[in-house]
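I opened the file today to look up how the chain folds. My notes follow in the order I took them.

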Amino acid sequence: MSLLPILEFPDPRLRTKAAPVEAARITDPGFQRLLDDMFETMYEAPGIGLAASQVDVHQRFMVIDVSEDKSDPQVFINPQILAKAGEQVYQEGCLSVPGIFADVTRADQIDVSYLDRHGQPHQAQVDALLAVCIQHEIDHLDGKLFVDYLSPLKREMVRKKLAKQRKLAAD
């Protein structure tokens, strides 16, 4: 396994809408290795979710593990939100927007359909942190970032702060 580079805001590749994963690709050893690399990258970052778009693979899949002890790795291939209910405000962060956190309003409960890492279809009703994480990662697959939920002024402040962080890291 190996760590993958994570694209950072405002990289324009993060705005690419991901294409569906073809069923035949799911069982490919290279695809399975990519999933393992994404888990390793996510855990190392550290994070609880990573969409393929964030590692410059523009296909509709993501890895998630919201457990405290990294014991519940989940793969969502071609996920679709079928229904939403309720509302919650959650302070979100993002591996593509390092060090920045902001309150985002999302559905409290969602019904989601997806394929697992073996291509088996599933439908689940999820809530709380897992619901937030799935919505956040699906946004990535649609070319949207959590900073898009912020006002233009706050978004520009985030852009400047990240540019300053990159400049300091380069010096």
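Before listing any hairpin I fixed the terms: two strands count as paired if DSSP finds at least two bridges between them, and strands are DSSP runs of at least two residues, numbered from the N terminus. The model is a predicted one.

**Entry: the hairpin**

I looked first at β4 and β5. A hairpin joins β4 to β5 through two residues. The two strands run antiparallel, with six bridges between them. I checked one pair by name: Gln88 has Arg106 in β5 as its bridge partner.

**Entry: the sheet**

Next I asked in which order the five strands of the open sheet lie. I read the order as β1-β2-β3-β6-β7, and the pairing is antiparallel. The edge strands are β1, residues 49-51, and β7, residues 121-127, each of which pairs on one side only. On average, neighbouring strands of this sheet are turned by 40° against each other, direction ignored.

I then took β2 and β3 separately. They pair in the antiparallel sense over four bridges. Within β3, Phe76 is the residue that stands opposite Met62. I kept in mind that side chains in a regular strand alternate between the two faces of the sheet.

**Entry: helices on the sheet**

I looked up which strands α2 lies across. They are β1, β2 and β3, and α2 runs at about 45° to β2. Helix α3, residues 128-141, also packs on the sheet. I noted its contacts with β1, β2, β3, β6 (109-115) and β7. The direction of α3 makes about 150° with that of β2.

I picked Ile134 as a probe of this packing, since I wanted a residue located in helix α3. Is Ile134 buried or exposed? With a relative accessible area of 0%, Ile134 is buried, because the cut-off for that class is under 20%. Leaving aside neighbours within four places in sequence, I found Ile134 in contact with Met62, Ile64, Phe76, Ile110, Val112 and Val126. I also took a C-alpha to C-alpha distance from Ile134 to Asp72: they are 14 Å apart in space and 62 residues apart in sequence.

**Entry: nonpolar cores**

The largest nonpolar core has 18 residues. I listed those that touch the most other members: Phe31, Met38, Leu50, Phe61, Val63 and Ile77. Two or more residues each come from α2 (29-44), β2 (61-64) and β3 (74-85). The largest share, seven residues, comes from α2.

I followed Phe31 further. Beyond its neighbours within four places in sequence, Phe31 is in contact with Val21, Arg25, Ile26, Phe61 and Ile77. I then recorded a second, separate core of 16 residues, which includes Ala18, Leu130, Ile138 and Leu141.

**Entry: the largest pocket**

I read a volume of about 350 Å³ for the largest pocket. It is lined by 22 residues, and the closest to its centre are Gly47, Ile48, Glu92, Gly93 and Cys94. The elements that give two or more residues to the lining are β4 (88-94), β5 (97-106) and α3. Which element gives the most to the lining of the largest pocket? I found α3, with six residues.

**Entry: backbone exceptions**

I scanned the backbone with the usual expectation that most residues other than glycine have a negative phi and that most peptide bonds are trans.

I found a cis peptide bond from Phe9 to Pro10, with omega near 10°. Pro10 sits in the segment before α1, residues 23-26. I also found a cis bond from Ala45 to Pro46, with omega near -10°. Pro46 lies in the loop between α2 and β1.

For positive phi I noted Asp56, at about 65°, although Asp56 is not a glycine. Asp56 is placed in the loop between β1 and β2. I filed Asp56 as partly exposed because its relative accessible area is 33%. Lys70, also not a glycine, has a positive phi of about 60°. Its place is the loop between β2 and β3. Lys70 has 47% relative accessibility and therefore counts as partly exposed.

Terms used
Residues numbered from 1 in each chain as written. Predicted model: local features only at pLDDT ≥ 70, side-chain atom pairs only at ≥ 80, totals over all residues. Heavy atoms only, no water. Core = buried A, V, L, I, M, F, W, Y, C linked by side-chain atoms within 4.5 Å. Buried < 20%, exposed > 50% of the residue type's maximum accessible area, 1.4 Å probe, protein only. Contact = heavy atoms within 4.5 Å. Axes fitted to C-alpha atoms, helices over the stretch in contact; angles between N-to-C directions. 1 Å grid on protein atoms, 1.4 Å probe; cavity = no way out; pocket = protein on both sides within 12 Å on 5 of 7 lines; lining within 4 Å. Points joined across faces, edges and corners; volume = space filled by probe spheres on them.
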